[in-house]
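Please open the model in your viewer and keep the selection panel at hand. The tour goes from the whole chain to single residues, one selection at a time.

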Amino acid sequence: MGTTIYSQLNREYVKRFYGQSTLEDYEKRSHGIIVNRAKIPPSFPWGSASIKEGPHKNKCAVDHIHVDLLVDLHILPETNIESIPMLMIVREPIDRFISICNFDTSGKLNPGELIRRLKNGEGDNFFQWHEVRSRYNLNITTIKMTNHKAIIDFFASVGEDISLDKRLNVSPKKYKRSDLTNKQITFLKEYFKKDYELYDAAL
């Protein structure tokens, strides 16, 4: 859904907050923003300890950076951060888990393998609730991914007219929820317990 939405947003906004870019390219395209280099984590794609090869060498997707770090990097202003209307689209956790497996292009990340990694603390934990945790009192509206009307209404309230009739960047459906065993479902519901709380509280 992310690609479907941002493809319809103001082009200047998209240039500032979406897409993979190096630090230098980001500063060039973002109209005067000078990133606070002192706050870049060493292991971050823009950091001194980050070494990457290939087409995304030292590139970072700004839309994947937590809001607190966006403030630290001077990409978002701290002075009015608590008054900026923000939206988080929350997905049903097990549906999101299946989507993560389907999005993988390596062919290695099946549901059983991802559960093994989660149990062993390997790689990302994919928690959604981490994204709303902040040192600021953020003005975040949480909306379920299935509540298209509320999502459209939110964007209308900030002057953006979007449609969710089309879907872009849709992953192939290699796996589905019915592929999971009862034991796996029980584990995922407990593992993503806080995400379920976030989801249940969303519009």
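What follows is a walk through a predicted model, with a selection to make at each stop.

**The whole chain**

Begin with the full chain shown as a cartoon, in which nine helices and four strands can be traced, in the order α-α-β-α-β-α-β-α-α-β-α-α-α from the N terminus. If you align the view to the principal axes, the C-alpha trace spans about 55 × 40 × 35 Å. The radius of gyration is 18 Å, which agrees with the value near 17 Å that a compact globule of 203 residues would have. Switch to a surface, and about 12200 Å² is exposed, with carbon and sulfur atoms supplying 51% of it. Of the 203 residues, 39% are buried, and among the contacts with a separation of 6 or more, 69% join residues 24 or more positions apart.

**Helix α7**

Next select residues 148-157, which form helix α7, and show the side chains of Ala150, Ile151, Phe154 and Phe155, the buried residues of this helix. Why do they lie on the same side of α7? They do so because they cover an arc of only 135 degrees around the axis. Now add Lys149 and Ser157, which are exposed on the other side of α7. To see what covers the buried residues of α7, display elements including α1 (2-6), β3 (85-90) and β4 (139-144). Before leaving, step on to glycine 159, which follows α7 and has a positive phi, near 85 degrees.

**Valine 67 and its surroundings**

Move to valine 67, which is placed in helix α4 (residues 67-72). Is this residue buried or exposed? With a relative accessible area of 11%, valine 67 is buried, since the cut-off for that term is under 20%. Leaving aside residues up to four places away in sequence, valine 67 is in contact with Leu76, Ile81, Met86, Ser134 and Leu138. A distance label between the C-alpha atoms of valine 67 and valine 132 should read 8.7 Å, although these two residues are 65 positions apart along the chain.

**Glutamate 27**

Then select glutamate 27 in helix α3 (residues 23-29), a residue that counts as buried at 15% relative accessibility. A polar atom of the glutamate 27 side chain lies 2.9 Å from the backbone nitrogen of valine 35. Beyond residues up to four places away in sequence, glutamate 27 touches Gly32, Ile33, Ile34, Val35 and Arg37.

**Two cysteines**

Select cysteine 60 and cysteine 101 in turn. Cysteine 60 counts as buried at 5% relative accessibility, and cysteine 101 is buried as well, with a relative accessible area of 0%. A search of the whole structure for disulfides finds zero.

**Two loop residues with positive phi**

For the last stop, centre on histidine 74 in the loop between α4 and β3, where phi is near 70 degrees, a positive value in a residue other than glycine. Finish at phenylalanine 126, which lies in the loop between α6 (111-120) and β4. Phenylalanine 126 is not a glycine either, yet its phi is positive, about 60 degrees. At 21% relative accessibility, phenylalanine 126 counts as partly exposed, because buried would require a value under 20%.

Methods. Residues numbered from 1 in each chain as written. Predicted model: local features only at pLDDT ≥ 70, side-chain atom pairs only at ≥ 80, totals over all residues. Heavy atoms only, no water. Buried < 20%, exposed > 50% of the residue type's maximum accessible area, 1.4 Å probe, protein only. Contact = heavy atoms within 4.5 Å. Disulfide = S-S within 2.5 Å. Arc of directions from axis to C-beta. Polar contact = N/O pair within 3.5 Å; in protein donor to acceptor, adjacent residues only side chain to side chain. Rg over C-alpha atoms; globule rule 2.2 N^0.38 Å. Areas by Shrake-Rupley, 256 points an atom, 1.4 Å probe, with all protein chains shown as cover.
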